[in-house]
Amino acid sequence: MLDASRRAGVRWICRTRSAFRPRASGHPGGTAGRAPVEAPAPLDVHLLGGFRVAISGKALPDVAWRQKRAAAIVKLLALEPTHRLHRDHVTEALWPDVDPDAAGNNLRVFLHYARRELESVGAPPATFLARDGEDLLLGPSELIRVDVDRFEEALDRAWRTPDPE
């Protein structure tokens, strides 16, 4: 007869083995009909030659940025090398003469507008324009592509490349 701890161990082994056993579903890999995981949608921000934003290549229409402060938040975060700013820096830049509490409320409202527009063209919810404590993030660094960053990288490569003789 098994003691209580060994019985629990046997139950655990039985559960884990059955959980990892491929199911006969006809779907490769035994995923039992689960949908394939899609790669996260990248956010492209174009600042050179006019402001444009695209999610997975799908551009937001210009009317999406009729709220100028929503566009300004995206621009400020895109221009920051880490794509992260303390919320006080954003409120001071956009509402310098406004009471800090009112400026904080304005920031929440315009973040909502910007997130709504990004999600309307396929951005995953809570991915872009997120908060990390008191910081605002444009999004995960691996999903952010800013033309200014690419331009600076190309410029840096060009300066380091020796001139042909």
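1. Let's start with cavities. In this predicted model, the count comes to one cavity of 30 Å³ or more. The space inside the largest cavity is about 30 Å³. If you wonder how such a space is found, rolling a probe the size of a water molecule over the atoms shows where empty space is left.

2. Which residues line the largest cavity? Have a look at R115, L118, E119, A123, P124, A126, T127 and F128, which together form its lining. Sorted by class, this lining has five nonpolar residues, one polar residue and two charged ones.

3. Now step back to the whole chain. The protein chain has 165 residues, and 32% of them count as buried. Its secondary structure comes to five helices and seven strands. Reading from the N terminus, you will meet these elements in the order α-β-β-β-α-β-α-α-β-β-β-α.

4. Next, try tracing the sheet. Four strands make an open sheet in the order β3-β2-β1-β7, and their pairing is mixed. Which strands sit at the edges? They are β3 (58-59) and β7 (144-146), since each of these pairs on one side only.

5. Stay with the sheet a moment longer. Strand β1 (residues 43-46) and β7 run parallel, and three bridges join them. To find your way on screen, look for V45, which stands opposite V146 in β7.

6. Aromatic rings are a good thing to hunt for next. A search of the whole structure finds three aromatic pairs. One of them is formed by F110 and Y113, whose rings meet edge-to-face, at 5.5 Å centre to centre and with 65° between the planes. That angle counts as edge-to-face because it is over 60 degrees.

7. Why can F110 and Y113 come together like this along the chain? Both belong to helix α4 (residues 100-120), where they are three residues apart, so about one helical turn separates them. Their surroundings are worth checking too: F110 is buried, with a relative accessible area of 15%, whereas Y113 counts as partly exposed at 24% relative accessibility. The dividing value here is 20%, because buried means a relative accessible area under that figure.

8. The ring story also takes in a tryptophan. W95, F110 and Y113 are linked into a cluster by ring pairs.

9. Finally, here is a contact between a charge and a ring. Where does the charged end of K75 sit? You will find it over the ring of F51, 4.8 Å from the ring centre.

Key
Residues are numbered from 1 along each chain as its sequence is written. This is a predicted model: local features need pLDDT of at least 70, side-chain atom pairs count only at pLDDT 80 or more; totals for chains, interfaces and linings use all residues. Side-chain values use heavy atoms; hydrogens and water are left out. Rings of Phe, Tyr and Trp (its six-membered ring) pair if their centres lie within 6.5 Å; planes under 30 degrees apart count as stacked, over 60 as edge-to-face and the rest as tilted. Helices (H or I, at least four residues) and strands (E, at least two) are DSSP runs, numbered from the N terminus. Buried means under 20% relative accessible area, exposed over 50%, partly exposed in between (1.4 Å probe, protein chains only). A charge sits over a ring if NZ of Lys or CZ of Arg is within 6 Å of the ring centre and within 35 degrees of the ring normal. On a 1 Å grid over the protein atoms alone, a cavity is a set of points where a 1.4 Å probe fits but cannot get out, and a pocket is an open set with protein on both sides within 12 Å along at least five of seven lines; lining residues have an atom within 4 Å of a point. Grid points are joined across faces, edges and corners, and a volume is the space filled by probe spheres set on the points. Ala, Val, Leu, Ile, Met, Phe, Trp, Tyr, Cys and Pro count as nonpolar, Asp, Glu, Lys and Arg as charged, and the others, Gly among them, as polar. Two strands pair if DSSP finds at least two bridges between them.
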